[in-house]
Amino acid sequence: MPIISTKGKNMPESPIRKLVPYAEDAKKRGIEVFHLNIGQPDINTPQIALDAIKNNTIKVLAYSRSEGSEEYRTKIAAYYAKNNIDVTASDIIVTTGGSEALLFAMGSITDPNDEIIIPEPFYANYIGFSTASGVKIVPVISKIENNFALPPISEFEKLITPKTKAILICNPGNPTGYLYSKEEIEKLAEIVKKHNLFLIADEVYREFVYDNEQHQSILSGFGLDNHAIIIDSVSKRYSMCGARIGCLVSKNKELIQTALKFAQARLSPPTFAQIASEAALDTPQSYFDEVIVEYKGRRDLLIQELNKIEGVKVANPKGAFYCVAELPVDNADKFAQWLLEDFNLNNQTVMVAPCAGFYSTPGIGTNQVRIAYVLKKEDLIKSVEILKLAIETYNNN
């Protein structure tokens, strides 16, 4: 029997997608499942992006440049300029989703067994990307008790070794919705410059910021031209998850030249998806204004209703469209599966994402879940009602 690689065996299952078979079985039994588990917006994709595909007259669907078309990258640079980020088309590599951008970044700055420091909980696929790249994640634990704020800078200093190559943040955060302050980015800038590290920021939720707060990009006035790498994507911004278009952005020329070799190895990003994504950049501001109002309303409603459930602790997100809730259950993985296999209220149940998979430290987050508020308000209310009764029923079994 041929042998599977150790790396392959160590690749983690997605904590978000591993429960899908149970959800599909529930649906076959006639159960309606409210999907709180995945960040798939229900907001319409901008019509301008859809029309760019529908009305296109391409005769030959050819390769694009490995770094993405120059026209698209030039328009991305103009988008960044509006967000006080000064880059040019040559500082941008278009990728197949933000996921590929992060893989290119890791491949460009690390060797096997190098280390990247990441505040946890973090986007679960960071574990998969690091495993695929042979990188060790060194976690800095942030806690629900203080709303997942960045730990003291001294905690980062303690963890830096000769193997450390970067600090990786997600801002606003997935799964926590945490929004980094200007002071926190300044502290991170100070530490990466002091220790000659990269600072990687996953900024795919840049537009989704609430309560009159302001997003702080790492390439916006922090003196990090040689240290900063931005990971970005159209998936959430334009509700275009299926386009699979993202980009890697850096003013570090050697980093871009290196990442381009990875891009050349996979030939090019998808042409039609680039056309749609380029068109999406002309989406009017009114679209985002309406989306932000909608998500803020959903967030406020969800947090309000979750706080009514006895024993539930929930962090208040300032951005993105997720929150982490700590539930009064013994094990969130077991509870999430039980919700789909054994529980329903009027033939309805909910699907949540257990949070243990968002931590690399074993034993942490075992009674936490990530909830995505990507459903309309009436469905969120129903979902929390189901969750409340489910917790009571589960604990009485």
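Guide: Accessible areas here come from the Shrake-Rupley method with a 1.4 Å probe. In this predicted model, the accessible surface of the protein comes to about 17,400 Å².

Visitor: What share of that surface belongs to carbon and sulfur atoms?

Guide: Carbon and sulfur atoms hold 50% of the accessible surface.

Visitor: Why is the protein called as compact as a globular protein of its length?

Guide: The protein contains 13 helices and 13 strands. Its radius of gyration is 21 Å, and the globule rule gives 21 Å for 397 residues, so the protein is as compact as a globular protein of that length. Along the principal axes, its C-alpha atoms fill a box of roughly 60 × 60 × 55 Å.

Visitor: What makes strand β10 count as mostly covered?

Guide: A residue is buried if its relative accessible area is under 20%. In β10, residues 322-326, 5 of 5 residues are buried, so the strand is described as mostly covered. Y322, V324 and E326 point one way, C323 and A325 the other, and all are buried. Across the protein, 56% of the 397 residues count as buried.

Visitor: How do you know that β10 pairs with strand β13?

Guide: Two strands pair if DSSP finds at least two bridges between them. β10 and β13, residues 368-372, have 5 bridges in the antiparallel sense, so they count as paired. Within this pairing, V324 stands opposite R370 of β13.

Visitor: What makes strand β9 a partner of β10 as well?

Guide: β9, residues 313-314, has 2 antiparallel bridges to β10, so the requirement of at least two is met. K313 has E326 as its bridge partner in β10.

Note on methods:
Residues numbered from 1 in each chain as written. Predicted model: local features only at pLDDT ≥ 70, side-chain atom pairs only at ≥ 80, totals over all residues. Heavy atoms only, no water. Buried < 20%, exposed > 50% of the residue type's maximum accessible area, 1.4 Å probe, protein only. Helix = DSSP H or I, 4+ residues; strand = E, 2+ residues; numbered from the N terminus. Rg over C-alpha atoms; globule rule 2.2 N^0.38 Å.
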